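Colleague: Please give me a close look at one part of this model, the open space and what is built around it. Keep it brisk, and go residue by residue where you can.

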Amino acid sequence: MSGAQEGGVRSVWWAVRVPGAPAPFDTAHLRVYYPARPTGSDAERLSGVLAADPAGAPYPVVLLVSGVNVGQDAYRWLAVELAARGVVAVTYDWVGVLFAGLHGITPGVDLDAARPEGYGSRPTSPSLRPVLDSLAQLTGPLDGLLDLDRVALVGHSAGGTVALQSARFLPEVRAVATYGAHTMVATMLGWPAGTVLPAQVNSPVMLLAGTNDGVINGSADRYGEDAATRADPITRTFDEALPDAGGTNLLVRLAGANHFGIVHPLDPTPARAFLDEEATADPESTRALVADLLSGFLAVHLRGEPADGFDRLLAKLDTTSSIASFRRR
C-alpha cells in the first residue's frame, strides 16, 4: 500500500474510561497505528505527528485484544504489519482486576456474563465496547479517516476467548481471529467440567494455534479435566462452538509454534510464559506466517477483497511443513 511504502507506519495514543471499573483501575490506554504520508509541514516537524495517508481511507479497524498480563507493546510488531497492509490497528493496556485481589493487564471479564445464567446475554469483556466507541472521538491525523462500521477483533489467549464470547454484541465486527484461544469455560463459574460454550459470533472466524502450546496444556485443571486425557479445547471450539459457515471459518495449526508465538518481544516477568513449551519452529518465521494469515483473512472479510488471493495462500501453506493441519467449515 502506497502510504506504508512512502511514509511508513506511525502511531498516536488515546485513552478511555471503562464504565463500572473502580478508580484508579478505570482507564485503558490505546495506541493507534496507521499508514502515514508525511507532508513535510512545520506542524509535523514540531509535533512529530505525521499525516495519515488518505489514499486508503476510510480505513477499517483491527482491535488487538491482549492476553492476561501481556502488554500492548508485545503486539506492536503485528500492529505495524497490519497497518502497513492497509488497516488501522489498535492495541490497548487496561490494568484492572484479575482474581483473588490481584490486578494486571486484562481485556476484562464480566464474571456474571460468563456464568450459566448470564452467558449469551451480553459481552463477557467490559472493555471492548468503550474502546471501540472511543475511536469515534479520536482527534489528530486520523480524524474522519476511520470506517468504524468495518471492525475486526484479533485476540490472543484470554483476549481471543472474550472476542469469541462477545463479538455478536458489537454489530460493527465483520471478522474475528484468535491465537491460542478457545471457549472452554472454568468450572469455578458454575459450569460442568469440560464445557465448551457456543461462540457469540456472527462473522467469519479464524482460529490459529501452535502445536507446542504449553499454557493451554497446563491449564486443564481449571476446566475440570486431566491434561493427559483431555481433547484439545481449540479443536473442540472449532467443532462444537462454531457453526458451519460454508468454509469461511478456519482452523490453522502452526507447526512448532507455542502459546506466545504471536508475542514479540516476550517479557518473561509477568504472565504465564513459564508454562509454555519450547517453540521448535523459528519464532520469526512463525510471526511472518501469522501476519500473512491474518492479513489475508482480513483483506477478504474486512476490506472486501476477492477471496482468490487468500485461497491461494492457504492452498500453498497447506502443503508446507509450517502448517501442521488446516480445516475449513
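Modeller: Helix H6 gives the largest share of the lining of the largest pocket, 4 residues. Keep in mind that this is a predicted model. The largest pocket holds about 1200 Å³ of space. Its lining counts 47 residues. Nearest the centre of the largest pocket lie Val68, Phe99, Val109, Ala158 and Arg222. Four elements give two or more residues to this lining: strand S4 (88-97), helix H4 (111-114), helix H6 (158-166) and helix H7 (214-217). By class, the lining of the largest pocket divides into 30 nonpolar, 14 polar and 3 charged residues.

Now the second largest pocket. Its volume is about 200 Å³. It is lined by 15 residues, and Asn258, Phe260, Gly261, Ala279 and Pro283 are the closest to its centre. Strand S9 and helix H9 (283-301) each supply at least two residues of that lining. H9 provides the largest share, 3 residues. The classes here are 7 nonpolar, 4 polar and 4 charged.

There is closed space too. The count is 1 cavity of 30 Å³ or more. About 40 Å³ lies in the largest cavity. Around it stand Leu64, Val65, Tyr75, Leu78, Val154, Gly155, His156 and Ile262. Strands S3 (59-65) and S6 (146-156) each put at least two residues into the lining of this cavity. S6 contributes the largest share, 3 residues. None of the lining residues is charged; 6 are nonpolar and 2 are polar.

Two residues of the cavity lining lead on to S4. Leu64 and Tyr75 line the largest cavity, and both are in contact with Thr91. Thr91 sits in strand S4, one of the elements that line the largest pocket. Is Thr91 buried or exposed? Its relative accessibility is 1%, so Thr91 counts as buried. The cut-off for buried is under 20%. The side chain of Thr91 makes a polar contact with the side chain of Gln72, at 2.6 Å. Beyond four places in sequence, the contacts of Thr91 also include His29, Leu30, Arg31, Tyr33 and Ala79.

Next, the strands. S8 covers residues 205-212, and 7 of its 8 residues are buried, so the strand is largely enclosed by the rest of the structure. What pairs with S8 on either count? Strand S7 (residues 173-179) runs parallel to S8 and is joined to it by 4 bridges. Strand S9 (residues 250-258) is also parallel to S8, with 6 bridges between them. Leu207 links the two pairings. It stands opposite Thr178, and it also stands opposite Leu251 in S9. S9 is the strand that supplies at least two residues to the second largest pocket.

S8 and S9 also help to cover a helix. Helix H8 spans residues 233-241, and its buried residues are Pro233, Ile234, Arg236, Thr237, Phe238 and Ala241. The cover over them includes H6, S8, H7, S9 and strand S10 (323-328). Two of these, H6 and H7, also give two or more residues to the lining of the largest pocket. The N-terminal end of H8 is capped by Asp232. A side-chain oxygen of Asp232 lies 3.3 Å from the backbone nitrogen of Ile234.

One loop residue rounds this off. Ala52 is placed in the loop between helix H2 (42-47) and S3. S3 is one of the strands at the cavity. The relative accessible area of Ala52 is 7%, so it is buried. Not counting residues up to four places away, Ala52 touches Tyr34, Pro35, Ala36, Arg37, Pro141, Leu142 and Leu145. For a sense of span, take Phe326, 274 residues apart from Ala52 along the chain. The C-alpha atoms of Ala52 and Phe326 are separated by 37 Å.

Methods
Residues numbered from 1 in each chain as written. Predicted model: local features only at pLDDT ≥ 70, side-chain atom pairs only at ≥ 80, totals over all residues. Heavy atoms only, no water. 1 Å grid on protein atoms, 1.4 Å probe; cavity = no way out; pocket = protein on both sides within 12 Å on 5 of 7 lines; lining within 4 Å. Points joined across faces, edges and corners; volume = space filled by probe spheres on them. Nonpolar A, V, L, I, M, F, W, Y, C, P; charged D, E, K, R; others polar. Buried < 20%, exposed > 50% of the residue type's maximum accessible area, 1.4 Å probe, protein only. Pairing = 2+ DSSP bridges. Contact = heavy atoms within 4.5 Å. Polar contact = N/O pair within 3.5 Å; in protein donor to acceptor, adjacent residues only side chain to side chain.
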